[in-house]
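Here is a short tour of one model, written for someone who would rather look at side chains than read a table. Keep the viewer open and follow along.

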Amino acid sequence: MNPAMLYSVLVAAIIFEVLGTSAMQAAQHFSRLGPTVMMVVCYAIAFFFLSYTLRFIPVGIAYAVWSGLGIVLISLVGYVAFGQKLDLAAMLGLGLIIAGVVVLNLFSKSTFH
């Protein structure tokens, strides 16, 4: 499969995971039906897309990219949408996660089967 297309599928998985996690925050311990349903649907789609990428990318690499970028994006959503603050240590840690994902994708020979 074309690497650009494969990474598009992985990005879709990440986006749906972030949407699902955002809906989980809005669901308030599953007390709100709409966000709860959205969370379940988004996670199902995210795992479907992630599982597809595992046919071509080793699980460790795919999961590192998926979880790493998901953490960064959900931190930004938390900051913008939910007013959650990020201190300097949190921002430095997020920067290190981004650096790790970049190193994996630019320098690792393990990214594709």
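## Starting in a loop

Let's begin with Q28, which sits in the loop between helix 1 and helix 2. This is a predicted model, so take each detail here as a feature of the prediction. The backbone at Q28 has a phi near 50°, a positive value in a residue other than glycine. Is Q28 buried, partly exposed or exposed? With a relative accessible area of 47%, Q28 is partly exposed, because the exposed class only begins over 50%.

H29 is in the loop between helix 1 and helix 2 as well. Here too phi is positive, at about 60°, although H29 is not a glycine. H29 has a relative accessible area of 79%, so this residue counts as exposed.

## The overall layout

Stepping back, the chain has four helices and zero strands. Read from one end of the sequence to the other, that gives the pattern α-α-α-α. The C-alpha trace spans about 45 × 35 × 20 Å along its principal axes.

How many of the residues are tucked away? Of the 113 residues in the chain, 29% count as buried. The chain exposes about 6900 Å², and 75% of that area is supplied by carbon and sulfur atoms. As for how the chain meets itself, take the contacts between residues at least 6 apart in sequence: 70% of them join residues at least 24 apart.

## The core

Which residues make up the largest nonpolar core? There are twelve: L6, L10, A13, I14, V18, L50, I57, I61, A62, V65, W66 and V101. Helix 1 and helix 3 each supply at least two residues of this core. Helix 1 gives the largest share, with five residues.

L50 is a handy member to click on. Not counting residues up to four places away in sequence, L50 touches L10, A13, A62 and W66. Those four partners are on the core list too, as is L50 itself.

## A buried glutamate

Now for a charged residue: E17, in helix 1 (residues 3-27). E17 is buried yet has no salt bridge. Where is the nearest side chain of opposite charge? It belongs to R32, and it is 18 Å away.

So what does E17 touch? Leaving aside neighbours within four places in sequence, E17 is in contact with Y43, A46, W66 and G70. One of these, W66, also belongs to the largest nonpolar core.

## P35 in helix 2

Helix 2 covers residues 33-53, and P35 lies in it. P35 has 16% relative accessibility, so it counts as buried, the cut-off for that class being under 20%. Beyond the neighbours within four places in sequence, P35 is in contact with A23, A26 and A27.

For a sense of scale, try P35 against M91. These two are 56 residues apart in sequence, and their C-alpha atoms are 28 Å apart in space.

## Helix 3 and what it meets

Helix 3 runs over residues 59-81 and includes A64. A64 is partly exposed, at a relative accessible area of 26%. With neighbours within four places in sequence left out, A64 is in contact with L69, V101 and L104. A64 and S108 are 44 residues apart in sequence, with 12 Å between their C-alpha atoms.

S67 lies in helix 3 as well. S67 is partly exposed, with a relative accessible area of 22%. From S67 to V101 is 34 residues along the chain, and the C-alpha atoms are separated by 9.8 Å. V101 is worth a second look: it is a contact of A64 and a member of the largest nonpolar core.

## A nonpolar patch on the surface

Last stop, the surface. Which residues make the nonpolar patch there? I98, V102, V103, L106 and F107 do, and the patch comes to about 490 Å². One of the five, V103, has its place in helix 4 (residues 88-107). At 46% relative accessibility, V103 counts as partly exposed.

Notes
Residues are numbered from 1 along each chain as its sequence is written. This is a predicted model: local features need pLDDT of at least 70, side-chain atom pairs count only at pLDDT 80 or more; totals for chains, interfaces and linings use all residues. Side-chain values use heavy atoms; hydrogens and water are left out. Patches are made of residues with over 30% relative accessible area and no salt bridge: like charges are joined within 9 Å, nonpolar side chains (Val, Leu, Ile, Met, Phe, Trp, Tyr) within 5 Å. Accessible areas come from the Shrake-Rupley method with a 1.4 Å probe; for residues, only the protein chains shown count as cover. A salt bridge is a side-chain nitrogen of Lys or Arg within 4 Å of a carboxyl oxygen of Asp or Glu. Buried means under 20% relative accessible area, exposed over 50%, partly exposed in between (1.4 Å probe, protein chains only). Contact means heavy atoms within 4.5 Å. Lys and Arg count as positive and Asp and Glu as negative; His and the chain ends are not counted. A nonpolar core is a set of buried Ala, Val, Leu, Ile, Met, Phe, Trp, Tyr and Cys residues joined through side-chain atoms within 4.5 Å.
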